[in-house]
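Here is a short report for a reader meeting this structure for the first time. Keep the model in view while reading.

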Amino acid sequence: MIYDAIVVGSGPGGGIAAYSLATQGLKVALVEAGRRLIPGRDYGRDMPPLDLLAKRLTEGKGGGFDSAWDYREQDHFTPVGDRPAHGLVKALGGRSLCWAGHSLRFGPQDFEKWPISYGEVAPYYSRAERFMGVYGYKDGLSNLPDGEYLAPVPMRAGESLLRRGVSKLKKQGLAMDFIALRKAMVTSKHSSGRAICQYCGNCGGCPIDSKYTSANTPIPLALKTGNLTVFTNSTMIRILMGREANRVSGIEYESADGPIEKLEGKTLVLACSAIETARMLLAGNMANSSGQVGRNLTSHFGITVLGMFPELARRNRSDDAGTAYYHSLLTGLYWDKPNVNFEGTYQVQCGSGLPPQRLFYRAEKGFGAAFKQELLRKNVCHAGMNMQGSLLVSHRKYIDLDPARRDKHGTPFPRIHLHYEDSDLAMAQDCVNTCEEIIRAGKGSVLSSPGKVRNEDLVIDQNHWVGTTKMGADPKRSVVNTDSQSHDIPNLFIGDASVFPDYPEKNPTLTNIALSWRMAERLADKLRKKEI
Ligand SMILES: Cc1cc2nc3c(=O)[nH]c(=O)nc-3n(C[C@H](O)[C@H](O)[C@H](O)COP(=O)(O)OP(=O)(O)OC[C@H]3O[C@@H](n4cnc5c(N)ncnc54)[C@H](O)[C@@H]3O)c2cc1C
Ligand code: SF4
């Protein structure tokens with residue numbers, strides 16, 4: 001059989017592409033390296049917290065709760081430079097199984113360096129939010145547009161004291177805002193029929209599938225059309241070219257049973273994640289006449305500051321139930337007036353209190369009753385501020401292939417080159433100073449802070465890589481066009497966040513889903529019109 005489209009990778013990007021293509025009547029093969037994981041059994045097991053902790057420790061796992069993150073790959077890339085990391089979960093749904101669900105639109109300013117505008121993507125944002133089920137308040141911010149939301153979830157007590165600090169600083173003329181987070185979890189009746197959130201806080205492995213994943217919403221709906229065939233435990237090892245030099249004819253993959261098989265397709269959508277998609281293109285030496293595959297690599301990076309608010313000690317801790325730890329966001333920094341010391345900006349995700357199954361503050365020393373009391377007090381009274389800054393794009397950050405290391409199929413591992421620049425350090429320092437100021441203005445004290453930031457304090461976000469197959473109008477300087485279609489190979493499309501040509505401070509996945517949906521519609525349209 002020749003499929004209309006082969007989609008490789010079933011994370012947020014591949015899942016929505018498969019859904020869109022199948023519901024448009026195309027025959028689709030979805031090829032996924034991992035297996036199907038069952039919520040509540042393979043992750044998110046329901047048992048008393050101490051029993052679960054004991055079981056996890058016996059199984060050689062850390063932490064007190066089950067997350068799909070436990071299934072991440074180990075030793076699958078080569079780090080070069082300043083401690084790069086790379087998250088990869090091979091399972092049906094990819095990292096959507098363990099994502100935190102934070103769903104923020106990029107704003108009109110964020111699209112200024114893109115070849116498409118906010119207005120072109122906005123209808124897909126609306127569609128994605130309705131489809132996924134995203135909760136949130138409408139805050140009316142200029143560069144973090146409101147979406148279409150389910151019932152909101154308020155911030156916790158400690159975060160409201162951070163907001164008190166922000167309000168005070170705003171009165172002094174500083175540009176910033178503090179809002180409750182927007183997340184892809186069902187808080188009121190939703191068309192998907194997914195269960196309403198129980199505020200257990202275990203969102204890294206939602207046991208009841210209230211959180212949106214590729215595995216619980218788009219893939220089952222696509223299967224219902226009868227147009228989708230899912231190949232799990234199937235790793236694409238090679239992209240096959242057709243007789244014409246600029247056409248893909250299919251893929252070779254290692255099937256669940258072991259042998260190497262072929263799939264034929266009229267089109268191919270790569271959605272293997274920003275690192276793996278670029279790796280497969282580099283390994284096949286394809287779609288790269290621009291030399292830009294693997295370049296323009298960027299992510300978010302961070303640093304954490306904690307504040308103490310003793311006035312919170314006597315409240316009812318059961319009020320801290322909610323959706324995971326982070327409930328609110330410091331945003332709106334340097335949108336209108338850039339900082340002269342660094343390029344771009346950052347946001348700060350904030351959490352507080354003692355949500356179920358979470359001890360965020362762990363640095364207490366001691367033992368016995370006094371230790372327990374103090375650990376409890378600090379968790380109840382603290383508020384945490386975690387920076388997400390846009391990493392400066394530079395020629396020192398990129399991926400290429402490791403000539404010395406290959407996987408079992410002979411494909412070279414990707415090398416990730418990360419070198420923080422002065423701009424990155426200056427941004428982190430600004431974030432630390434701002435967070436400390438907010439805590440003090442909110443009548444708290446700083447519980448922990450890096451103070452003067454050093455390179456080794458910076459932590460890369462291993463799950464937010466983007467940019468390695470940049471979108472652009474000029475085939476000499478970009479890899480895909482504005483439809484996420486390869487300039488070089490017209491029947492090859494990219495369905496993940498590799499295509500982002502510029503990266504703001506906001507989380508990537510909602511934009512990844514919106515863009516992949518848009519790409520899939522354009523692909524189907526071109527196929528219908530026989531343009532590819
Ligand atoms: C703990 C955690 C929290 C997060 N929180 C947020 C958040 O709140 N908001 C947000 O926006 N983002 C968040 N993210 C990031 C988000 O999950 C990723 O940006 C997103 O999953 C990337 O989507 P993707 O489709 O590109 O790739 P992935 O989700 O990585 O999926 C890629 C899939 O492709 C498969 N694959 C790869 N290579 C092959 C191959 N050769 N053959 C077959 N299959 C292959 C993989 O097995 C995988 O299933 C979080 C991630 C994690 C881990
Ligand atoms: S808080 Fe809600 S979304 Fe998160 S794991 Fe619990 S039920 Fe699922």
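## The shell around ligand 1

By class, the shell around ligand 1 holds 15 nonpolar, 19 polar and five charged residues. The model is predicted. There are 39 residues around this ligand. Those that come nearest are Gly9, Gly11, Gly94, Asn507 and Thr509.

Several elements feed this shell. Helix 1 (12–23), strand 6 (235–241) and helix 9 (509–528) each supply at least two of its residues. Helix 1 gives the largest share, with three residues.

## The shell around ligand 2

Ligand 2 has 13 residues around it. Four cysteines and one methionine come nearest: Cys197, Cys200, Cys203, Cys206 and Met185. Sorted by class, the shell around ligand 2 has seven nonpolar residues, five polar and one charged.

## Helix 3 against helix 9

Helix 9, which supplies residues to the shell around ligand 1, also meets helix 3. Helix 3 covers residues 118–132. The axes of helix 3 and helix 9 come within 9 Å and cross at roughly 110 degrees. Angles of 65 to 115 degrees count as roughly perpendicular, so helix 3 and helix 9 are roughly perpendicular to each other. The crossing of helix 3 past helix 9 is right-handed.

Which residues make the contact? Helix 3 brings Val121, Tyr124, Tyr125, Arg127 and Ala128. Helix 9 brings Leu510, Ile513, Ala514, Leu515, Trp517 and Arg518. By class, the residues of this contact of helix 3 with helix 9 are nine nonpolar, no polar and two charged.

## Helix 4 against helix 8

A second helix pair joins helix 4 (residues 157–171) and helix 8 (residues 422–441). Their axes come within 7 Å and cross at roughly 100 degrees. That makes helix 4 roughly perpendicular to helix 8.

On the helix 4 side, the contact is made by Leu162, Gly165, Val166, Lys168 and Leu169. On the helix 8 side, Glu437, Ile438, Ile439 and Ala441 take part. The residues of the contact of helix 4 with helix 8 divide into six nonpolar, one polar and two charged.

## A three-stranded sheet

In what order do the three strands of the open sheet lie? The order is 3-15-14, and the pairing is mixed. The edge strands are strand 3 (78–81) and strand 14, each of which pairs on one side only. Direction ignored, neighbouring strands of this sheet are turned by 35 degrees against each other on average.

Strands of a sheet pair through backbone hydrogen bonds, either parallel or antiparallel. Strand 14 (residues 398–406) and strand 15 (residues 412–418) run antiparallel, joined by five bridges. Leu401 has Pro414 of strand 15 as its bridge partner. Ile399 has Ile416 of strand 15 as its bridge partner.

## The hairpin and its helix

Strand 14 and strand 15 form a hairpin with five residues between the strands. Which residue of this hairpin takes a positive phi? Gly410 does, with a value near 90 degrees.

A helix is placed over the two strands. Helix 6 (residues 274–284) lies across strand 14 and strand 15. Helix 6 runs at about 65 degrees to strand 14.

Terms used
Residues numbered from 1 in each chain as written. Chains lettered and ligands numbered in written order. Predicted model: local features only at pLDDT ≥ 70, side-chain atom pairs only at ≥ 80, totals over all residues. Near = placed C-beta within 6 Å. Helix = DSSP H or I, 4+ residues; strand = E, 2+ residues; numbered from the N terminus. Nonpolar A, V, L, I, M, F, W, Y, C, P; charged D, E, K, R; others polar. Axes fitted to C-alpha atoms, helices over the stretch in contact; angles between N-to-C directions. Parallel < 35°, antiparallel > 145°, perpendicular 65-115°, else oblique. Left-handed = near helix turned anticlockwise from the far one by under 90°. Contact = placed C-beta atoms within 7 Å. Pairing = 2+ DSSP bridges.
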